[in-house]
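Open the model in your viewer and keep the selection tool at hand. The stops below say what to select and what is there.

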Amino acid sequence: MLYTERIRLWHEAVQAVDSRDWQGALSKLSQITEPTSRTLFVYASVYLALGQLEPAIRALDQTIAKDERLAVGFFQRAAVHLMVGRLEEAMSDCIWAQKHMRGNPVIDYKQLGLRFKLNSWQVIYNAAAVQCRMGLWDKAWEMLLTMSQEKGGRGGQLDTALESIARREFLTPLLVPEGEVFRPRKQDVEQLPERDFLGKAKVISSIIPNDDFGGFEPLRLQKPGYYEPKGEGEQESRYMRLRSTYIAQDPAELTVPGGGLVFMFSDGGMEGRATVFYDGKRGLVPISMLESVDVTKFKKKKELRSVPNGIPLPPGLKPPTRPETRPRAPSPQLATSGHLGSPPTPPPQYSSVVDSPTERRPSPSPIEEGGSVVVKVHYKYTLALNVPVGTPYSQLQETIARKVGHPATNLRLRQRQHDSRVLKPLDGDAGLRAVLEEATESGRAILWCQPENPLQGRTILYQLVAQYDYSAQGPEDLEFNEGDTIDILSEA
């Protein structure tokens, strides 16, 4: 998807949110084929405004999947989980939100397009609200006391929350205000309208009369005929008539018969001669032999149109055609030295394989000829293999294993049926042969290669959570990050 198209749809969705047109915002967001974490957050905000909590949770799940360090995403999802009664998930999101605050008392998301400041005391407040729902009133009280030590504008919310806990009343979770969503950058929005940086060309001077074409000359529309001026009346007309016949005295002059109509292009600087066009040619004639002609007073308009005056257009070119082949004359029959009365020997008869469809022999198939099929194998990248028909499944599996650098026992070949998106594993040699035979007509088959987990089916003793990041020092080491869950299969 083009970046400009995504910015345009995002901006239109934000405008719909500002006007409280929630359905219009969803319509614009659904057209974004490659959403980002910020556009997905807008999705969740619209669903929350509509009161649809489950779709809002799914949108927030996708938001966090796109950006795993987005603290405001965890904060918003914790409040929604609390609203639907999922207390354990809400407490977990509060913990992750506090962790991704990275010790900062406040995070301002204005630079990312969200006009909202997330304070650490807001995260603690939501955690205390979860503790109230769990019935842990003492822990909620302690959390609120720790909130008093956090910085940020709390107003009188702390005192009100302590009074609510004292009366055993549930706290209302805090959310990002309705209508506050991530917005695209102002600079990107300003670049959306198309701009004409070159402008339009303006004709200053042209050899063609009344020329207003300012484009590239080879792109000019070519019409058969001549350019005609747009003058009206005797004063503006550039048409002249010769009083008598004039014979050219040098190569620069034109021979024009008496009464001929010419178009005067220039009438100065030529020693009493004017530059005119006549019959598609340009030349000089004496000005004294010219008289003005009023085009509007012509009774016979065809007379003016029939005279090919003006500047000629380039001739129309036609693409060359294939030369026609002339039929050869039949060769004369040569007399033979045999008996004159004997009939001529008939020409030999040759059998034709296209005499009738029933007698046509079928062409041998690639299987009979021992041909091969091009097999495209989709792995992390695409492989193209030339596989002979009748290749065993194990042989093809070993060939692919050598290409991708994995053991053949850990690779599984799959195929996709027609009109289906489900990948089904091949059934050994029989399944591979069926695929190759089906592809003999097109000469190409498509397979998918997927590695299998060699540890699948083994018993997991217990699980541990990594407390630190670890980078592998050798090929046998296991690399993990802080917070990853590790399955323990055996102990040394």
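Start by selecting leucine 2, which is found in the segment before helix H1 (3-18). This is a predicted model. Leucine 2 has a relative accessibility of 62%, so it counts as exposed. Now add isoleucine 32 to the selection. The two residues are 30 apart along the chain, and their C-alpha atoms are separated by 9.9 Å.

Next, select arginine 20, in the loop between H1 and H2. Its relative accessibility is 43%, and arginine 20 therefore counts as partly exposed. Look at the backbone here: phi of arginine 20 is near 60°, a positive value in a residue other than glycine. Most residues other than glycine have a negative phi.

Now show H2 and H3 together. Helix H2 covers residues 22-30, and its axis lies 10 Å from that of H3, at an angle of about 155°. Angles over 145 degrees count as roughly antiparallel, and H2 and H3 are therefore roughly antiparallel to each other. The crossing of H2 with H3 is left-handed. To see the contact, select Trp22, Gln23, Ala25, Leu26, Leu29 and Ser30 in H2, then Thr39, Val42, Tyr43, Val46, Tyr47, Ala49 and Leu50 in H3. By type, the residues of this contact between H2 and H3 are 10 nonpolar, 3 polar and no charged.

Keep H3 (residues 37-50) on screen and add helix H4 (residues 53-66). How far apart are the axes of H3 and H4, and at what angle do they pack? The axes are 8 Å apart and the angle is about 165°. H3 and H4 are therefore roughly antiparallel to each other, and their crossing is left-handed. On the H3 side, select Ser37, Leu40, Phe41, Tyr43, Ala44, Tyr47 and Leu48; these meet Leu53, Pro55, Ala56, Ala59, Leu60, Gln62, Thr63 and Lys66 in H4. The residues in the contact of H3 with H4 are 11 nonpolar, 3 polar and 1 charged. Tyr43 and Tyr47 of H3 meet residues of H4, and Tyr43 and Tyr47 also appear in the contact with H2.

Move on to histidine 81, in helix H5 (residues 71-84). Is this residue buried or exposed? Histidine 81 has 6% relative accessibility and so counts as buried. Leaving out residues up to four places away in sequence, select what histidine 81 touches: Ile57, Arg86, Glu89, Ala90 and Asp93.

The next stop is the loop between helix H6 (87-100) and strand E1 (106-108), where glycine 103 is found. Select arginine 102 in this loop between H6 and E1. Arginine 102 has a relative accessible area of 55% and is therefore exposed. Phi of arginine 102 is near 55°, a positive value in a residue other than glycine. Then select glycine 103, which counts as exposed because its relative accessibility is 73%. Serine 120 is 17 residues from glycine 103 in sequence, and the C-alpha atoms of the two are 8.5 Å apart.

Now turn to the interior. The largest nonpolar core has 65 residues, and the members that touch the most others are Val72, Tyr109, Leu118, Leu144, Leu171 and Phe182. Color helix H7 (residues 120-134), which gives the most to this core, with 9 residues. Then select tyrosine 109 and its contacts. Apart from its neighbours within four places in sequence, tyrosine 109 is in contact with Leu70, Ala71, Val72, Leu114, Phe116, Leu118 and Phe182. For a second, separate core of 23 residues, select Leu396, Val404, Val435 and Ala439, which are among its members.

Show one more helix pair: H8 (residues 137-147) and H9 (residues 157-166), whose axes come within 10 Å and cross at roughly 170°. That angle makes H8 roughly antiparallel to H9, and the crossing is left-handed. Select Trp137, Ala140, Trp141, Leu144 and Met147 of H8, which make the contact with Leu158, Ala161, Leu162, Ile165 and Ala166 of H9. The contact of H8 with H9 has 10 nonpolar residues, no polar and no charged.

Finally, clear the selection and view the whole chain. The chain has 15 helices and 16 strands. Of its 492 residues, 34% count as buried. Among contacts between residues at least 6 apart in sequence, 55% join residues at least 24 apart.

Methods:
Residues are numbered from 1 along each chain as its sequence is written. This is a predicted model: local features need pLDDT of at least 70, side-chain atom pairs count only at pLDDT 80 or more; totals for chains, interfaces and linings use all residues. Side-chain values use heavy atoms; hydrogens and water are left out. A nonpolar core is a set of buried Ala, Val, Leu, Ile, Met, Phe, Trp, Tyr and Cys residues joined through side-chain atoms within 4.5 Å. Buried means under 20% relative accessible area, exposed over 50%, partly exposed in between (1.4 Å probe, protein chains only). Helices (H or I, at least four residues) and strands (E, at least two) are DSSP runs, numbered from the N terminus. Contact means heavy atoms within 4.5 Å. Axes are lines fitted to C-alpha atoms, for helices over the stretch in contact, and angles run from 0 to 180 degrees between N-to-C directions. Angles under 35 degrees count as roughly parallel, over 145 as roughly antiparallel, 65 to 115 as roughly perpendicular and the rest as oblique. A crossing is left-handed if the near helix is turned anticlockwise from the far one by less than a right angle, and right-handed if clockwise. Ala, Val, Leu, Ile, Met, Phe, Trp, Tyr, Cys and Pro count as nonpolar, Asp, Glu, Lys and Arg as charged, and the others, Gly among them, as polar.
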